[in-house]
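I opened the notebook with a short list of places to look up. Each entry begins with what I wanted to know.

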Amino acid sequence: MNTFGKMLKVTTFGESHGSGIGCVIDGMPSNIKVDTNFIQNEVNRRKGGLNLYSTQRKESDIVEILSGVFDGYTTGAPIGVFIKNNNAKSKDYENIKNIFRPSHADFTYFHKYDIRDYRGGGRSSARESIARVASGAFAKLLLNEFNIKVRSGIYSIGGIECKDIDFDNAINSEIYSLDKNIENIQKEAIQKAKRNHDSIGGVALISAFNVPVGLGEPLYYKLDSIIGDYMLGLNGVKAIEIGNGIESSKILGSQNNDEMCKNGFLSNNSGGILGGISNGDTINIKAYFKPTPSIFKPQKTISTHNEETILTLKGRHDPCIAIRGSIVAESMLALIIADMLLINASSNIKYLKKIYKNNKF
Ligand SMILES: Cc1cc2nc3c(=O)[nH]c(=O)nc-3n(C[C@H](O)[C@H](O)[C@H](O)COP(=O)(O)O)c2cc1C
C-alpha cells in the first residue's frame with residue numbers, strides 16, 4: 001500500500017536506485033499560491049551529502065512539478081511531483097546482493113515479495129521519504145493560509161538531551177539540534193559512533209503551532225492515532241510520544257492534568273490533543289529513531305540461501321537517521337494536520353452552512 005490520507009491523499013512511487021522518486025497529491029484545494037522556491041527549500045532541508053553528519057550520497061534533488069499547478073496556483077487537480085535520482089552507485093551494493101543487512105528491511109521484503117531490488121534497498125530505502133517532504137511542503141502551503149506552522153528539531157542523540165528548545169537554533173544547526181549548548185556534545189557522539197564504524201539513535205521533537213480546536217475524527221481517525229500511524233510508518237521510527245506521554249504513566253493525575261483558566265491551559269502535558277481532537281494548544285510529538293542499520297562494523301548475518309556469513313559493508317549511509325528523519329517527520333505532521341483540516345470542514349453543519357450560504361453561485 002503506497003497511499004495515505006483521507007481527503008488529502010498522497011501516493012508515492014520510486015526506488016532508491018530507480019529513475020527517481022515521485023508522488024501524486026490528490027485533494028489539494030484550488031487557489032493556493034505555490035511558491036516553488038519554498039517547495040525546493042523544504043526538499044533541500046532533507047538532503048544528504050551536505051556535511052559530516054549525513055550520508056555522502058549527493059543528489060541534486062531538483063523538484064519537478066508535473067501537474068496540478070497553473071499560473072502559480074493550485075488548480076484542484078492532482079499534483080504530480082518527480083525528483084530524479086542521479087547519484088545512485090548500485091555497484092556498492094553488489095557484494096550484498098544475496099546478503100541481508102541486520103535490522104534492515106532487506107530480510108522481510110525478500111521473504112514477502114520473493115524478489116530483491118538490492119540496489120540501495122530498493123523501495124524500502126528512505127530515499128522514498130523525499131516524496132513525503134515534497135508533499136509535506138504543499139501541505140504547509142495550505143496550513144500557511146491558516147497561519148498554522150509546523151517545526152522540528154533534534155531533541156536527543158544517543159540519550160544526550162537538549163535542555164532548551166529553540167527551533168531557530170535547529171534551522172541553522174548541522175544536526176538540527178534544538179539546543180546550541182548541547183549541540184557540540186551531540187555532534188561528538190555522532191562522530192564517535194562514525195569513528196567506530198557504528199551508528200547512533202536519536203529523538204526528534206515536532207511541534208505544530210496555532211492549530212485550531214477541533215481537528216481529529218473520533219473514534220477511528222483520531223488526531224493522535226493517525227499521528228502514531230503516520231510517524232511509525234516512517235523508516236526507522238520505533239516509538240512515538242504525544243505530549244508528556246511516557247512520563248505521564250509514572251506520575252499522579254494532579255501532576256499531569258492541564259488545569260484551565262479563561263485564557264487557556266496552564267500546562268500542556270496533553271501535547272495539544274484531548275479525546276483525539278486538537279485542543280488549541282501546541283501539538284508536541286516526539287519521534288524515536290533507531291540507529292542506522294547499515295554500519296561498517298563486521299556483523300553476523302545470513303544469505304538469501306540461509307548460509308551464515310559475515311557482512312562487511314561498503315557504501316554511503318547516514319550515521320544518525322534521526323537528523324534527516326526529523327525533516328520527514330515534520331512533513332508528515334504537516335500532512336496530517338492538512339488532512340484533518342479538510343476533513344473537519346465537513347464535520348459540522350455550521351461549517352457547511354458557512355460555505356453554502358445561499359445555494360447560489
Ligand atoms: C531519512 C532517513 C535516512 C535513512 N538512511 C539510511 C541509511 O543510510 N542506511 C540504512 O541502513 N538505513 C537508513 N534509514 C533507515 C532504514 O530505511 C530502515 O531502518 C530500514 O528500512 C528498516 O526499517 P525499520 O527500521 O522501519 O524497521 C534511513 C531512514 C530515514 C528516515
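In which strand is the place of S207? I found S207 in β10, which covers residues 202-209. I note here that the model is predicted.

**Entry: S207**

I checked burial next. S207 has a relative accessible area of 2%, and the cut-off for buried is under 20%, so I logged S207 as buried. I then looked for a polar partner. The side chain of S207 makes a polar contact with the side chain of N284, at 2.7 Å. I also listed contacts, leaving aside neighbours within four places in sequence. S207 is in contact with K149, V150 and R151, with F167, with T282, I283 and N284, and with L333.

**Entry: I206**

I moved to I206, which also lies in strand β10. Is I206 buried or exposed? I206 is buried, and its relative accessible area is 0%. What does I206 touch, not counting residues up to four places away in sequence? I wrote down V150, R151 and S152, then M231, then I283, N284, I285 and A287, and last A329, E330 and L333. I took one distance as well. V133 is 73 residues from I206 along the chain, and their C-alpha atoms are separated by 14 Å.

**Entry: nonpolar cores**

Which residues touch the most other members of the largest nonpolar core? The core has 72 residues, and I noted F138, I206, I227, I283, L333 and I337 as the ones that touch the most other members. I then asked which element gives the largest share of this core. Helix α9 does, with 17 residues. There is a second, separate core of 7 residues. Among its members I found Y155, F167, A170 and V203. I had already met F167 as a contact of S207.

**Entry: helix α5**

I checked the length of α5, residues 183-195. The helix has 13 residues, and at 1.5 Å a residue they should span 18 Å. The end C-alpha atoms are 18 Å apart, so the span agrees. Which residues of α5 are buried? I listed E183, Q186, K187, A189, I190, Q191 and A193. I kept a reminder beside that list: an α-helix has 3.6 residues a turn, so residues three or four places apart point the same way. Next I looked at what covers the buried residues of α5. The cover includes β8 (149-157), β9 (160-161), α4 (167-172) and α9 (321-344). After α5 comes H197, with a positive phi near 55°.

**Entry: D318**

Where is D318 found? I placed D318 in the loop between β18 (308-311) and α9. D318 has a relative accessible area of 11% and is buried. Its side chain joins that of R324 through a polar contact of 2.8 Å. Leaving aside neighbours within four places in sequence, I listed S54, T55, T292 and R324 as contacts of D318.

**Entry: second largest pocket**

I ended with the second largest pocket, whose volume is about 340 Å³. How many residues line the second largest pocket, and which are closest to its centre? I counted 20 lining residues, and the closest to the centre are Y155, E241, G243, N244 and K286. Y155 was already in my notes from the second core. I then sorted the lining by element. β8, β10, α7 (245-248) and β16 (283-289) each supply at least two residues. β16 gives the most, with 4 residues.

Technical notes: Residues are numbered from 1 along each chain as its sequence is written. This is a predicted model: local features need pLDDT of at least 70, side-chain atom pairs count only at pLDDT 80 or more; totals for chains, interfaces and linings use all residues. Side-chain values use heavy atoms; hydrogens and water are left out. Buried means under 20% relative accessible area, exposed over 50%, partly exposed in between (1.4 Å probe, protein chains only). A polar contact is a pair of N or O atoms within 3.5 Å; within protein, one must be able to donate a hydrogen and the other to accept it, and residues adjacent in sequence count only if both atoms are side-chain atoms. Contact means heavy atoms within 4.5 Å. The expected span of a helix is 1.5 Å times one less than its number of residues. A nonpolar core is a set of buried Ala, Val, Leu, Ile, Met, Phe, Trp, Tyr and Cys residues joined through side-chain atoms within 4.5 Å. On a 1 Å grid over the protein atoms alone, a cavity is a set of points where a 1.4 Å probe fits but cannot get out, and a pocket is an open set with protein on both sides within 12 Å along at least five of seven lines; lining residues have an atom within 4 Å of a point. Grid points are joined across faces, edges and corners, and a volume is the space filled by probe spheres set on the points.
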